[in-house]
Amino acid sequence: MSKTAFISLSFQQREKLAPIINNITDVLKDFHIVAKVFVNAYAFEIDDEDRMMAIACEKIAHSDLLIAEVSYKAIGIGVEVGYAVGLGKPVIYMRHEDAEHSTTIAGISKYRIIYSTSDDMEKQLADKLALIF
């Protein structure tokens, strides 16, 4: 059975992050890990928060790790990271070097990537995945 990675990122900034998410997905493929980008896979109505969180929690529970791309902060990322850590899942904190630091998510994540370019991120991610798996 293949491994899966839940990728957590800002819903509102998903279009800006699309190129880096594509790079993350490519690195994961090299490790035979399927990327699950929740914000791209589902759409919910404003009053459907119970179903949204139930599905997100289910997907996190069935993932082998969580990658939190926090170059753009969002409360939902923190919730997802906390849930993953509570389940004992490895979490990779990731942000561009020019982005604001998230002390809470960095503080709860065992692995951290602060990248300057997409090539830099890809190398660091490959190194972290080699440590985890």
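Helices here are DSSP runs of type H or I with at least four residues, strands are E runs of at least two, and both are numbered from the N terminus. With that settled, here's a walk through this model, which is a predicted one.

**The core**

Let's start inside. The largest nonpolar core has 23 residues, and the members that touch the most others are Ile24, Ile67, Ile92 and Leu125. Quite a few elements chip in with two or more residues: on the strand side these are strand 1 (3-8), strand 2 (33-37), strand 3 (65-69), strand 4 (91-96) and strand 5 (111-115), and on the helix side helix 1 (14-30) and helix 6 (118-132). Which element gives the largest share of this core? That would be helix 1, with 6 residues.

**Salt bridges**

Now for the charged pairs. Searching the whole structure turns up 3 salt bridges, and here they are with their N to O distances.

| Salt bridge | N to O distance |
|---|---|
| Asp48 and Arg51 | 3.0 Å |
| Lys73 and Glu100 | 3.3 Å |
| Asp127 and Lys123 | 2.9 Å |

Take the Lys73 and Glu100 bridge, in which the two side chains meet at 3.3 Å. Why can this pair be said to tie together parts that are 27 residues apart in sequence? Because Lys73 sits in the loop between strand 3 and helix 4 (75-86), while Glu100 belongs to the loop between strand 4 and helix 5 (103-108). As for cover, Lys73 is partly exposed at 46% relative accessible area, whereas Glu100 is exposed at 57%.

The bridge between Asp127 and Lys123 is a local affair: both residues lie in helix 6, 4 residues apart, or about one turn of the helix. Lys123 is exposed, with a relative accessible area of 54%. Asp127 has 39% relative accessibility, so it counts as partly exposed.

That leaves the side chains of Asp48 and Arg51, which meet at 3.0 Å. Arg51 is partly exposed, its relative accessible area being 42%.

**A negative patch**

Over on the surface, Glu45, Asp47, Glu49 and Asp50 form a negative patch. One of its members, Asp47, is in the loop that runs between helix 2 (38-41) and helix 3 (49-61). Is Asp47 buried or exposed? Its relative accessibility is 61%, so it counts as exposed, given that the cut-off for that label is over 50%.

**An odd backbone angle**

His32 deserves a quick look. Most residues other than glycine have a negative phi. His32 isn't a glycine, yet its phi is positive, at about 60 degrees. You'll find His32 in the loop between helix 1 and strand 2, where it is exposed with a relative accessible area of 62%.

**A few more spots to click on**

Back in helix 6, there's Asp119, an exposed residue with a relative accessible area of 56%. How many residues along the chain lie between the positions of Asp119 and Asn23, counted as their distance apart? They are 96 residues apart, and their C-alpha atoms are separated by 8.6 Å.

Ser10 offers another pair to check. Ser10 sits in the loop between strand 1 and helix 1 and is buried, at 4% relative accessible area; the cut-off for buried is under 20%. From Ser10 to Asp26 it is 16 residues in sequence and 20 Å in space, C-alpha to C-alpha.

Last stop is His101, in the loop between strand 4 and helix 5. That loop also holds Glu100, from the bridge with Lys73. His101 is partly exposed, with a relative accessible area of 36%. Its C-alpha atom is separated by 12 Å from that of Ala68, and the two residues are 33 apart along the chain.

Notes
Residues are numbered from 1 along each chain as its sequence is written. This is a predicted model: local features need pLDDT of at least 70, side-chain atom pairs count only at pLDDT 80 or more; totals for chains, interfaces and linings use all residues. Side-chain values use heavy atoms; hydrogens and water are left out. Patches are made of residues with over 30% relative accessible area and no salt bridge: like charges are joined within 9 Å, nonpolar side chains (Val, Leu, Ile, Met, Phe, Trp, Tyr) within 5 Å. Accessible areas come from the Shrake-Rupley method with a 1.4 Å probe; for residues, only the protein chains shown count as cover. A salt bridge is a side-chain nitrogen of Lys or Arg within 4 Å of a carboxyl oxygen of Asp or Glu. Lys and Arg count as positive and Asp and Glu as negative; His and the chain ends are not counted. The place of a charge is taken as NZ of Lys, CZ of Arg, CG of Asp or CD of Glu. Buried means under 20% relative accessible area, exposed over 50%, partly exposed in between (1.4 Å probe, protein chains only). A nonpolar core is a set of buried Ala, Val, Leu, Ile, Met, Phe, Trp, Tyr and Cys residues joined through side-chain atoms within 4.5 Å.
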